[in-house]
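Please look through the sequence and the model below before reading on. The report then takes up a few places in the fold, one after another.

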Amino acid sequence: MQTVTRSLAVLALLTTFAAYSRPAHAEAVTWKIDPAHTEAGFEVRHFFSKVHGVFHDVDGTIVYDDANPTASKIDATVKVASVDTGNQKRDGHLQSADFFDGEKNPTLSFKSTKIVKAAGKNKYKITGDLTMRGVTKPVTFDAEFLGSSAVSVEGQSWGSKAGFAATTTVNRKDWGINWNKTLDNGGVMVDDNVTIVLNVEADKAQDKAQ
């Protein structure tokens, strides 16, 4: 009987030790995109060079689970009216029915549906629904988590910040963006393939609310 009692006591002690030594599960953190320090950009060939543009009005959240990054979630939108290619006439054309049709569809949006680990540290394949011109199609981004930390500058707290980067290439015709002009010597004015480039800085949601 003493042996059984002693064994139960040892088992209880080991169970208690394991409970206290087991690392606490890190909860997913919600990050709010900071539009002032975020680039939602795109690049497309125009004639024989490339035109770069950005959307300045960006909104959204990234729920990042450090313990299980593949369970993370992204939900973001940009406003068509904020498009900027450095040329007002071209920006107006992009907002028209020839391209984004901003009057009927004032926003572009992306919502993740699946995240898988990719080769390389903190690199992932993020698949989700991209909506443009009222058309929703699946796309997959090559993404990287750049890190997160509480930040202070010259003794002043700036809250907690995180960085993310992602890129993908899409065919604009899949979303009904078909406008183009044929060149007299062959070829077209604007390429069908568009590269999307995202460089995101985000604030921890509870810090942003303060």
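The paragraphs that follow treat a paired strand, a nonpolar core and some loop residues.

This is a predicted model, in which local features need pLDDT of at least 70 and side-chain atom pairs count only at pLDDT 80 or more, while totals for chains, interfaces and linings use all residues. Residues are numbered from 1 along each chain as its sequence is written, and side-chain values use heavy atoms, with hydrogens and water left out.

Helices (H or I, at least four residues) and strands (E, at least two) are DSSP runs, numbered from the N terminus. Strand E5, which covers residues 73–79, has one covered face formed by Ile74, Ala76 and Val78, and an uncovered face with Lys73, Asp75, Thr77 and Lys79. Two strands are said to pair if DSSP finds at least two bridges between them. Strand E4 (residues 58–64) pairs with E5 in the antiparallel sense over six bridges, and valine 58 has valine 78 of E5 as its bridge partner. E5 also runs antiparallel to E7, to which five bridges join it; here alanine 76 has phenylalanine 110 of E7 as its bridge partner.

A nonpolar core is a set of buried Ala, Val, Leu, Ile, Met, Phe, Trp, Tyr and Cys residues joined through side-chain atoms within 4.5 Å, where buried means under 20% relative accessible area, exposed over 50%, and partly exposed in between (1.4 Å probe, protein chains only). The largest such core has 40 residues, and Phe55, Phe100, Ile126 and Phe164 have the most contacts inside it. Strand E11 (residues 190–204) gives the most to this core, with five residues. If residues up to four places away in sequence are not counted, phenylalanine 100 touches several residues, among them Phe55, Leu94, Met132 and Ile177, contact meaning heavy atoms within 4.5 Å.

Two loop residues other than glycine have a positive phi, as the table shows.

| Residue | Phi | Loop between | Relative accessibility |
|---|---|---|---|
| Aspartate 101 | near 55 degrees | helix H2 (88–95) and strand E7 (107–117) | 11%, buried |
| Glutamate 154 | about 50 degrees | strand E9 (135–153) and strand E10 (156–171) | 84%, exposed |

What is the nearest side chain of opposite charge to aspartate 34? Aspartate 34, which lies in the loop between strand E1 (29–33) and strand E2 (39–46), is buried yet has no salt bridge, and that nearest side chain is lysine 161, 4.5 Å away. A salt bridge would need a side-chain nitrogen of Lys or Arg within 4 Å of a carboxyl oxygen of Asp or Glu; Lys and Arg count as positive and Asp and Glu as negative, while His and the chain ends are not counted. Leaving aside neighbours within four places in sequence, aspartate 34 is in contact with Glu201, Ala202 and Asp203.
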